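Trainee: Got a minute to go through this one with me? I'd like to work from single residues up to the whole chain.

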Amino acid sequence: MSFDRDTPVFQLAVPPRQRYRPVLLPVWVHQVTAPTGYARTLDVFQTVVLRLCAAGVRDVGDLSRLIGLDNALCRTVTARLVEGQLMAPGLRLTEAGRRTVAEGEVAETEPQLVRVFQDPATGVLLPRILIADPVRADLREHRGRWVTIQFGTAGASREVSALTLRADGSWMRPSERDVLEACRGHDMATRGIRGTSRAPADSVAAARRIGFHGTATPAHVVCYVVEGNDGSGRMWTVEDPFAAGDGRVFADLLASRAESDEQLGRLIDDMLGKGRRDRSTAARKVDRELAEDARTDVVRMLGEEIRNHSEVLTHLADIELALLKDTARERENAARNAIRVFECILPELNERFPARIPPSREPGVRERAFVLTAQRLGATSVPPEMRKYCTRPAGGLAGDIIRAVWAAGENAQHPFTAFLRERPTLLEDLDRSRILRNNATHGPTGAPALDELEHIRTLAYGAARHLLGLSSGRTTTTTSKRVN
């Protein structure tokens, strides 16, 4: 099966406002029944939009005026809520949406039919899915690898010329685990979180929830290459064509092809100007060397055993690299990675040490029991936000921490016991780190200060040593060797 003029082209996001060059990314499209894992918590924009619509707002223009966001962003937010089955067309809440407004939490969705996208060249699934029917672009002309596409309709339409990337590789059916990872990757992107799944995606129970419908079909997705440093040293990036998160995964995919695709390289050169692509390539090489040095530093401080926990090693190395480069974007990433260390470790720890949650659901009973347990273990205080989840500990970081504390209260050998004894402010530090992560992802407060990052860096290393049971290595103070 080949990609040709008759292959459908999906335009899933509007063109960006800055200078861009469109390219058509070839993909295999699989239709599968899978759990989408829609975000358990909403970002601030989704929360405000959902509550305004619950109050009776039925016009995107009114939403834009009340929130202070432009119409395009309001439409993107509502599209994500419709995708998560919290809202129906016409800005009307579904039953799940009304329950979310009342309870402040998003219930897990049942498995449903989704589209999953696969890169033909590598066979890797993109960390993006599509629930709604895709919007197809209007193709006007086809000349070799160049296709003319019409954007917009009526008086606002315009035609642009897009480069079609080569569709090397043959179709192959992905594994159930890969499908689950793509669903979770999409969920994390919509929440502004980068990383991989925290759950055992290859478990038998999870695999049974995946069902393939027919064979894969070919398609193209419109991607927008834009000028701008994405924080990795590259002088260009890609807007996320699914409007779900940042487009760095797509930029990395295109960068790997640019070296062997002369026309794609020429397109990027024309956009950047003469010589800038060469400087970008050199910067990327330096960045890779720094990343490898950061991993070496983590192994030196924690010992060779940390290599057995590759995901934690990666997050800790990213923190080291962020402190070294000391840019606003890298400091934001470090705040996220510190929390991801706990998100990687705690679920597996809770499986090894299951907690016996007090059966009473009377108001205040579980909260008091949790506070007393934490204080008995040595905690100096319990943050109010953490107390709120004690009555009904859901999934996510807060629920994982609550279960770990309860389990530690019943088992003196639990790794969390020694961790709390050494760091009595652990629960406060975790809550503060969570706030820093949320601000870095959604808030207007800017990147965390360097001293705050050093604080949560120590917290992340402490988690690796205590909760993973590492027997060697000691955390050292970061020296100031910034990269300019």
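Mentor: Sure, just keep in mind that this is a predicted model. Start with Phe-370, whose place is in helix H12, residues 365-377.

Trainee: Okay, is Phe-370 buried or exposed?

Mentor: The cut-off for buried is under 20% relative accessible area. Phe-370 comes out at 0%, so the label is buried.

Trainee: Which residues is Phe-370 in contact with, leaving aside its neighbours within four places in sequence?

Mentor: One of them is Met-386, 16 residues away along the chain, and the two C-alpha atoms are separated by 9.7 Å. Contact here goes by heavy atoms within 4.5 Å, so that C-alpha distance doesn't rule it out. The full set for Phe-370 is Val-382, Met-386, Cys-390, Ile-402, Val-405 and Trp-406.

Trainee: Now the surface: which helix gives the most to the nonpolar patch?

Mentor: The patch covers about 280 Å² and is made by Val-44, Phe-45, Val-48 and Leu-73. Residues 44-54 form one helix, and 3 of the patch residues come from there. That makes the top contributor helix H1.

Trainee: And how does Val-48 count in terms of accessibility?

Mentor: Val-48 has its place in helix H1. Partly exposed is the class between under 20% and over 50%. Val-48 has 34% relative accessibility, so it counts as partly exposed.

Trainee: Let's do strands. How many residues of S11 are buried?

Mentor: Strand S11 spans residues 217-227 and is mostly covered. Of its 11 residues, the buried ones number 9.

Trainee: Which strand is joined to S11 by 10 bridges?

Mentor: Go through the partners. S1 (residues 9-10) runs parallel to S11 with 2 bridges, and Val-9 has His-220 as its bridge partner there. S12 (residues 236-239) is antiparallel with 4 bridges, and Tyr-224 stands opposite Glu-239. The antiparallel strand with 10 bridges, residues 20-34, is S2.

Trainee: Within S11, what stands opposite Leu-24?

Mentor: We just said that S2 covers residues 20-34, and that S2 and S11 run antiparallel. The S11 residue opposite Leu-24 is Val-222.

Trainee: Last one, the whole chain: what share of its accessible surface belongs to carbon and sulfur atoms?

Mentor: The chain has 17 helices and 12 strands, and 48% of its 484 residues are buried. Among contacts between residues at least 6 apart in sequence, 71% join residues at least 24 apart. The accessible surface comes to about 22,900 Å², and the carbon and sulfur share is 50%.

Key:
Residues are numbered from 1 along each chain as its sequence is written. This is a predicted model: local features need pLDDT of at least 70, side-chain atom pairs count only at pLDDT 80 or more; totals for chains, interfaces and linings use all residues. Side-chain values use heavy atoms; hydrogens and water are left out. Patches are made of residues with over 30% relative accessible area and no salt bridge: like charges are joined within 9 Å, nonpolar side chains (Val, Leu, Ile, Met, Phe, Trp, Tyr) within 5 Å. Accessible areas come from the Shrake-Rupley method with a 1.4 Å probe; for residues, only the protein chains shown count as cover. A salt bridge is a side-chain nitrogen of Lys or Arg within 4 Å of a carboxyl oxygen of Asp or Glu. Buried means under 20% relative accessible area, exposed over 50%, partly exposed in between (1.4 Å probe, protein chains only). Two strands pair if DSSP finds at least two bridges between them.
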